[in-house]
Amino acid sequence: MIIPKSLTVGFTKYSIEQPETLTRYRQGLIEYGTHTISIAKKSTVTGAYSPVEREDTFWHELTHAVLHDMEHPLRNNEEFVIRFSTRLSKAIRTARF
């Protein structure tokens with residue numbers, strides 16, 4: 001999967017950054033104020049993230065963005081977002097056309 005440079009959720013355009021690392025073991029981060037999604041290339045501790053880990057992280061942060069746009073109460077529920085985005089990522093990764 002190629003991670004896009006930007007995308008729009010509702011009326012909000014997000015830019016997507018791919019820094020080498022993020023702080024505190026983070027693989028990804030969404031910043032609503034600056035409309036930025038960051039997907040790290042590697043961990044500060046364990047090295048490079050695999051393509052699947054980066055895909056899962058992208059879909060995880062995008063799930064937060066969609067739920068935020070919907071003003072849904074689950075937008076900050078990490079357990080829900082992880083479970084949903086992991087399934088979404090696998091479904092997209094295994095889709096055949």
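Rings of Phe, Tyr and Trp (its six-membered ring) count as an aromatic pair if their centres lie within 6.5 Å, and the pair is called stacked with planes under 30 degrees apart, edge-to-face with planes over 60 degrees apart, and tilted for the rest. By this rule the structure holds 2 aromatic pairs. The model is a predicted one, in which local features need pLDDT of at least 70 and side-chain atom pairs count only at pLDDT 80 or more, while totals for chains, interfaces and linings use all residues. Residues are numbered from 1 along each chain as its sequence is written, and side-chain values use heavy atoms, with hydrogens and water left out.

**Stop 1: helix H1**

Select residues 51-69, which make up helix H1; helices (H or I, at least four residues) and strands (E, at least two) are DSSP runs, numbered from the N terminus. H1 has 19 residues and spans 27 Å from its first C-alpha to its last, close to the 27 Å expected at 1.5 Å a residue, where the expected span is 1.5 Å times one less than the number of residues. Now colour by accessibility, taking buried as under 20% relative accessible area, exposed as over 50% and partly exposed as in between (1.4 Å probe, protein chains only). Among the buried residues of H1 are Arg54, Glu55, Thr57, His60, Leu62 and Leu67. What covers the buried residues of H1 includes strands E1 (6-9), E2 (12-17), E3 (28-31) and E4 (36-39), together with helix H2, contact meaning heavy atoms within 4.5 Å. Past the end of H1, select glutamate 71, which follows the helix and has a positive phi, near 55°.

**Stop 2: the ring pair at 58 and 59**

Return to H1 and show the side chains of phenylalanine 58 and tryptophan 59, both of which are buried. Their ring centres lie 4.9 Å apart with the planes at 70°, so this pair is edge-to-face.

**Stop 3: the ring pair in H2**

Next select phenylalanine 80 and phenylalanine 84, whose rings form a stacked pair, 5.9 Å centre to centre and with 20° between the planes. Both residues lie in helix H2, 4 residues apart, which is about one turn of the helix. Phenylalanine 80 is partly exposed at 30% relative accessible area, and phenylalanine 84 is also partly exposed, at 40%.

**Stop 4: the salt bridges**

How many salt bridges does the model contain, if a side-chain nitrogen of Lys or Arg must lie within 4 Å of a carboxyl oxygen of Asp or Glu? The count comes to 4 salt bridges. Begin with glutamate 55 and arginine 93, whose side chains meet at 3.5 Å, N to O. Glutamate 55 belongs to H1 and arginine 93 to helix H2 (residues 78-94), so this salt bridge ties together parts that are 38 residues apart in sequence. Glutamate 55 is buried at 9% relative accessible area, whereas arginine 93 is partly exposed at 30%.

Keep arginine 93 selected and add aspartate 56, since these two also form a salt bridge, with their closest N and O atoms 3.5 Å apart. Arginine 93 lies in H2 and aspartate 56 in H1, so this pair links parts 37 residues apart in sequence. Aspartate 56 is partly exposed, with a relative accessible area of 23%.

Finally, move to glutamate 79 and arginine 83, which form a salt bridge with the closest N and O atoms 3.9 Å apart. Being 4 residues apart in H2, they are separated by about one helical turn. Glutamate 79 counts as exposed at 55% relative accessibility, while arginine 83 is partly exposed at 47%. To close, select Glu55, Asp56 and Arg93 together, which salt bridges with shared partners join into one network.
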